[in-house]
Structure formats: structure tokens, C-alpha cells
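Dear colleague,

I am handing over the structure that we spoke about, and below it you will find what was found in it. Please keep it open beside this message as you read.

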Amino acid sequence: MKTIRFIACFVLIHTVIASHSQDLSLWSKDTLDMANTAAHSVSLTPEEKKAVQLINLARLNGKAFLTRIAMPYIKANDKDDDEFVEGLYTDLRNTKAMHLLKPLDALCKSAAHHAHDMGTKGGLGHDSSDGTTFTMRIHRFHKPVIVSENCSYGYNDALSNVMEMLIDEGVTERTHRHNILGKTFHHIGVSIKPHKMMEFNCVIDFSVE
């Protein structure tokens, strides 16, 4: 079977100090528990687990995520009311409840490998420091047919990384956003690690199976 590959090519290098305020109490406990598919993961840190939970909350109810998370974040960080923000508002309003993304240990290892590699070498992008492509790297840990990857830089908290990927400023095709809100993928791996040049970097890997 032919391998189909997706890649989010834009790197996020914003320097805005993020607001860490997020009122998850506005969701019911059942909804929060449902979205927290990484709760029992032994591979992820609490902040990495929170990234999975936030992504799943957006997938469960885009309108609620818009009013409770996205708009407060954008307001707190003085984001320009531009086409990227307006596009996100539209996409979240149109996001209907869909399947949740579940963490996969192999994807978590792939994401952690790349975040550590880029962090220690000060690199940017999806290729490893030795030139290995992101698909080749992921396939060392897992061999799905369809894969994708998001990378962002400068933040060590889940909210900022997820929101900056959703805003996807400067990315014409909004690839980061589509990876998070699209119906293609079923599994996820997340890693947030220190970065030599950008303070922190976040890698999120996706796969169909």
C-alpha cells in the first residue's frame, strides 16, 4: 500500500508570554474525563497529558472550546484579529463532535526522540539532525500508513503550544490546525522538551492506526 504522508512545515517562534488561565471547570467532569485519554499514560508528563486533553476538548465541542479556551487566550495575548484568528473562529464553530485522539506509546517515543534531538542541537523543522525524514523516524517506532507531525517552539505549557498550532499563523494551508481538528488521525504522541535556541520545543506526532 502506498504510504500517504502529511507534514506541518511551519515552525512557531512567537515570543508572547502566554496566559496560563484556562477554566476547565466549565466542562462537566464526565467530559473532562472523556477527553483525558492520556490520563494513564506512563510516557507523558502532566503538561503533555494536558495537551492531549485540550486537543480532545476542541474535537468534542469546538464552539465550547472557542468561548472557554481560544478566545480568552487570544485576548490575553493581544493576538491580532487577522485572517488566521478569524479562520480559527470559523473552524471551531464548525467543528462537530468527533472521535478522540488516543496516545500511542510508539508515537510518544518518536515525538520525544525528535524534541530531544532538536532541543540539544538547536535545530528547527521535521528532519532529524542526521537528515532522517520525519516519516522515516516515525516508522522506526511505528509503521502506520498515514502520519503527520506538528512542531512549535518557545513554550513549555500545553495551552500555548496547542493554541499556537490552532491559530497556525503564516501557514497557508493551516496544516497544524487541520491535524488537530481533522478526522484523519486516531492516535497521538506528544513531547515538550528544552531547546538550545528557542527555550522549549513541542513535537506532536499523529497516525491513523
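Two strands pair if DSSP finds at least two bridges between them, and the strands (E, at least two residues) and helices (H or I, at least four) are themselves DSSP runs, numbered from the N terminus. This is a predicted model, in which local features need pLDDT of at least 70 and side-chain atom pairs count only at pLDDT 80 or more, while totals for chains, interfaces and linings use all residues. Residues are numbered from 1 along each chain as its sequence is written, and side-chain values use heavy atoms, with hydrogens and water left out.

The strands come first. β4 and β5 pair in the antiparallel sense over nine bridges, with isoleucine 192 opposite cysteine 202 in β5, and a hairpin of three residues joins β4 to β5. Strand β3 (residues 146-153) also runs antiparallel to β5, joined by seven bridges, and here cysteine 151 stands opposite valine 203. Seven of the nine residues of β5 are buried, that is, under 20% relative accessible area (exposed is over 50%, partly exposed in between; 1.4 Å probe, protein chains only).

Next, the interior. The largest nonpolar core (buried Ala, Val, Leu, Ile, Met, Phe, Trp, Tyr and Cys residues joined through side-chain atoms within 4.5 Å) has 46 residues, and Leu54, Phe65 and Met163 have the most contacts inside it. Apart from this core lies another, of five residues, including Cys151 and Val203.

With regards
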